[in-house]
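Subject: Structure handover

Hello,

Here is the structure I promised to pass on. Please open it alongside this note.

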Amino acid sequence: SGAPATQMIHDLTETEMINLRRTIYLAIMSSLSFEEAAHKLLKIEIRPGEEQELCNMVIECCSQERTYKTFFGLIGERLCKVNRAWAKGFSQAFGSCYENIHRYETNHIRNIAHFSAHLLASDALKWSALGVVVLTEETTSSSSRIFLKILLQDLAESLGLKALNDRLKSTDQDISDAVKGLFPSDSAKSIRFAINYYTSIGLGAITEEMREWLKSAPNPTAAGIDSGSESDTDSGSSSS
């Protein structure tokens, strides 16, 4: 008789999860403002272990929109600033989305990138979340390069290019460790790829250190730095 009881618990948990997702969805979509949505979401009875589901659902609702709505970024920001447990959940969701970005349609990628940029620019999300990103030809796909393009361009627009550069080159140990992957240093090939990628999306200004490194490399004439757009970066020029 033990097996049926186990199955019943599993089914009940699945049913509760579906009901929770529906409740979260309705709370968001029935709200006229982000304040109302955040208020409704915070009133939902979330049991330990279910926090991640709420974060995932906010991002999922955001991704399904035809165009990005700041409404969702503001909801995420409010939740993160009310309780850092939500910030941890959104950080985990960021990592999961990035690692599975190749499974999303282009429109979903755009919306998730805009949402993530909002949380980073508003300091709702710790920049250590960027630790999942490694920018090399081998470790990125056309999908992840489109995602990074929109994310970084949004941050440059929100913060200003100088402030973005300062943040990426921060002496804060957590941030500097997290953004190492954005500035590869393991080989000249990886450095050239990163420089050409940033230049192609209009962010060549953040590549100064990498350019200096290549200038002092043993064979600077083979640097192959592109001053304009580089087709093999798949930067997604049409996805802004």
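Below is what I found, from the overall fold to the helix packing and the cysteines.

First, the caveat: this is a predicted model.

Overall fold

The protein has eleven helices and zero strands. Read from the N terminus, the order is simply α-α-α-α-α-α-α-α-α-α-α. Of its 240 residues, 46% are buried. Contacts reach far along the chain. Take those between residues at least 6 apart in sequence: 75% of them join residues at least 24 apart.

Helix 3 and its two partners

Start with helix 3 (residues 51–64) and helix 4 (residues 70–82). Their axes come within 10 Å and cross at roughly 165 degrees. An angle over 145 degrees counts as roughly antiparallel, so that is how helix 3 runs against helix 4. The crossing of this pair is left-handed. On the helix 3 side, the contact uses L54, V58, C61 and C62; helix 4 brings F72, I75 and L79.

Helix 3 also packs on helix 6. Here the angle is about 130 degrees and the axes are 8 Å apart. Helix 3 and helix 6 are therefore oblique to each other. This crossing is right-handed. From helix 3 come V58, I59, C62, S63 and Q64; they meet H108, N111, I112 and F115 of helix 6. V58 and C62 are listed in the contact with helix 4 and again in the contact with helix 6.

Helix 6

Helix 6 covers residues 106–121. Is its length what 16 residues should give, or not? At 1.5 Å a residue, the expected span is 22 Å, and the end C-alpha atoms are 22 Å apart, so the two agree.

Twelve of the 16 residues are buried, so helix 6 is largely enclosed by the rest of the structure. The buried set is H108, I109, N111, I112, A113, H114, F115, S116, A117, H118, L119 and L120. Their cover includes helix 3, helix 4, helix 5 (84–99) and helix 7. After helix 6 comes D123, with a positive phi near 60 degrees.

Helix 10

Helix 10 spans residues 188–200. Its 13 residues should stretch 18 Å at 1.5 Å a residue, and the end C-alpha atoms are indeed 18 Å apart.

How much of helix 10 is buried? Ten of the 13 residues are, so the rest of the structure largely encloses this helix. They are S190, I191, F193, A194, I195, N196, Y197, Y198, T199 and S200. Among the elements covering them are helix 7 (142–159) and helix 11 (208–215). Just after helix 10, G202 has a positive phi of about 80 degrees.

Cysteines

How many disulfides does the structure hold? Zero. The cut-off is 2.5 Å between cysteine sulfur atoms. For C55, the nearest cysteine sulfur belongs to C80 and lies 6.9 Å away, so C55 is in no disulfide. C62 is in no disulfide either; its nearest cysteine sulfur is that of C61, 8.8 Å away. Both residues are hidden. C55 is buried, with a relative accessible area of 0%. C62 is buried too, at 1% relative accessibility.

If you look at one place, try helix 3: C62 there touches the contact with helix 4 and the contact with helix 6.

Best wishes

Note on methods
Residues numbered from 1 in each chain as written. Predicted model: local features only at pLDDT ≥ 70, side-chain atom pairs only at ≥ 80, totals over all residues. Heavy atoms only, no water. Buried < 20%, exposed > 50% of the residue type's maximum accessible area, 1.4 Å probe, protein only. Helix = DSSP H or I, 4+ residues; strand = E, 2+ residues; numbered from the N terminus. Expected span 1.5 Å × (residues − 1). Contact = heavy atoms within 4.5 Å. Axes fitted to C-alpha atoms, helices over the stretch in contact; angles between N-to-C directions. Parallel < 35°, antiparallel > 145°, perpendicular 65-115°, else oblique. Left-handed = near helix turned anticlockwise from the far one by under 90°.
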